[in-house]
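Here is a walk through a few spots worth a look in this one. Have the structure open and follow along.

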Amino acid sequence: AAKRTQAGVKVYDDSLDDRSRASLGLLSELRQAVEHHELRLYLQPKLNLRSQRVEGAEALVRWQHPVRGLVPPGLFIPFAEQTGFIRELSRWMLIESLRFAVQARAQGEVLRISVNLSTRDLLDADLPGKIQAWLAAEGGDPSLLCLEITESAIMDDPARALATAKDLAQQGFKLSIDDFGTGYSSLAYLKQLPVRELKIDQSFVFGMEADEGDREIVRSTINLAHNLKKSVVAEGIETQGALDLLAAMGCDEAQGYFIAKPMPADQFLAWARARAQG
Ligand code: C2E
Ligand code: CA
Ligand code: CA
Ligand code: CA
């Protein structure tokens, strides 16, 4: 465990406590996961409610662990954020998503892939340049990507996050605010952010059929987005009823288990084609 000397310098004794040991173990396992190709790109369709076409997907990471099986991101993303490993993970997700979108386009399917960025990514002033380099390497362009950022990631260090966001927007990347309505950003701040999409948090969508409050929050968010000339996506659609309500409210896009659960990227095009044929 870390101990402090009187000078305040951190030293390590050789008896690592169990938690540190477990953390170090997980970090080295995560590093190996990349090297050993254990990470998987999953995609969840985004349905355009007017055209009824699938025009994009959200990229969600999974870890195919040799012993533990398919590990969901909730079990390792928070840890990856704490340790800084998330930047390695974001790089992997961005490159895999781009590769997928470039291949899909070569097969005649134009898709925009939404990738989740973390606080650490937004604090990395070099990120916009790095993404440009990966785009060039894969033969892609900014229209293939949407970058999802959360209000809490922005509020960690608003000035720096805003600078990175502006840079990304200027380079032509579509930015989206994820989990909209659950953070603490003010509307004044929202006005400054160069985002083109709001993503309504699923917690409001789950309850919208039964709960009038949730329904009104969803309705107001759709109107707010449109008044600010932004598009709006709802996630967490689990029923036909929720889908119908959102379409009636003028929501632009929908995402949720009722349309499709996240699936391995190599199954996505077949799924989308089967759906288009009815
Ligand atoms: P998120 O970005 O809000 O992603 C939406 C989550 O809701 C996903 O969970 C998705 O599978 C789930 N979901 C979608 N539709 C429905 C539905 O109709 N009902 C229910 N109950 N759930 C639905 P998942 O894949 O487990 O990801 C959880 C969170 O982990 C994500 O929340 C995101 O914050 C984070 N995450 C996942 N992949 C990445 C990644 O590559 N990078 C980063 N930084 N974070 C990621
Ligand atoms: Ca997201
Ligand atoms: Ca979300
Ligand atoms: Ca979330």
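## Two loop residues with positive phi

Let's start with His 37, which counts as exposed because its relative accessibility is 62%. Keep in mind that this is a predicted model. You'll find His 37 in the loop between helix H1 (18–35) and strand E3 (39–48). The backbone there is a bit of a curiosity: phi of His 37 is near 55°, a positive value in a residue other than glycine.

Lys 229 is another one to click on. Phi of Lys 229 is near 60°, again positive in a residue that isn't glycine. Lys 229 sits in the loop between helix H10 (212–227) and strand E10 (231–235). With a relative accessibility of 74%, Lys 229 counts as exposed.

## The calcium site

Now for the metal. Which residues coordinate the calcium ion (ligand 3)? They are Asp 178 and Asp 179, each through OD, and Glu 235 through OE, at 1.9 to 2.4 Å. Along the sequence, the donor residues of this calcium ion (ligand 3) follow the spacing D-D-x55-E. Asp 178 lies in strand E8 (residues 174–180) and Glu 235 in strand E10, so this pair ties together parts that are 57 residues apart in sequence.

Asp 178 has a second job in the model: it bridges the calcium ion (ligand 3) and the calcium ion (ligand 2), and those two ions lie 4.0 Å apart. Are Asp 178 and Glu 235 buried or exposed? Both Asp 178 and Glu 235 are buried.

## Glu 235 and its lysine partner

Glu 235 turns up again, as its side chain meets that of Lys 199 in a salt bridge (4.0 Å, N to O). This pair links distant parts of the chain, with Glu 235 in strand E10 and Lys 199 in strand E9 (residues 197–200), 36 residues apart.

Why does Glu 235 count as buried? Its relative accessibility is 9%, and buried means under 20%. Lys 199 is at 0% relative accessibility, so Lys 199 counts as buried too.

## Salt bridges elsewhere

Side chains of opposite charge can pair when their charged atoms come close. How many salt bridges does a search of the whole structure find? The search finds 16 salt bridges. One of them joins the side chains of Arg 68 and Glu 29 (2.8 Å, N to O). Arg 68 lies in the loop between strand E4 (54–65) and strand E5 (69–71) while Glu 29 lies in helix H1, so the pair ties together parts that are 39 residues apart in sequence. Arg 68 counts as exposed, at 51% relative accessibility, whereas Glu 29 counts as partly exposed, at 26%.

Then there's Arg 273 with Glu 109, whose side chains meet in a salt bridge (2.8 Å, N to O). Arg 273 lies in helix H12 (residues 265–276) and Glu 109 in the loop between helix H3 (86–106) and strand E6 (112–116), so this pair ties together parts that are 164 residues apart in sequence. Arg 273 is partly exposed, with a relative accessible area of 31%, and Glu 109 is partly exposed as well, at 24%. To round off the tour, take a look at Lys 46, Lys 174, Glu 197 and Glu 253, which are linked in a network of salt bridges.

Definitions and conventions: Residues are numbered from 1 along each chain as its sequence is written. Chains are lettered from A and ligands numbered from 1 in the order in which they are written. This is a predicted model: local features need pLDDT of at least 70, side-chain atom pairs count only at pLDDT 80 or more; totals for chains, interfaces and linings use all residues. Side-chain values use heavy atoms; hydrogens and water are left out. Helices (H or I, at least four residues) and strands (E, at least two) are DSSP runs, numbered from the N terminus. Buried means under 20% relative accessible area, exposed over 50%, partly exposed in between (1.4 Å probe, protein chains only). Donors are N, O and S atoms within 2.8 Å of the metal (3.2 Å for Na, K and Ca); water is not among the atoms, so sites may look incomplete.
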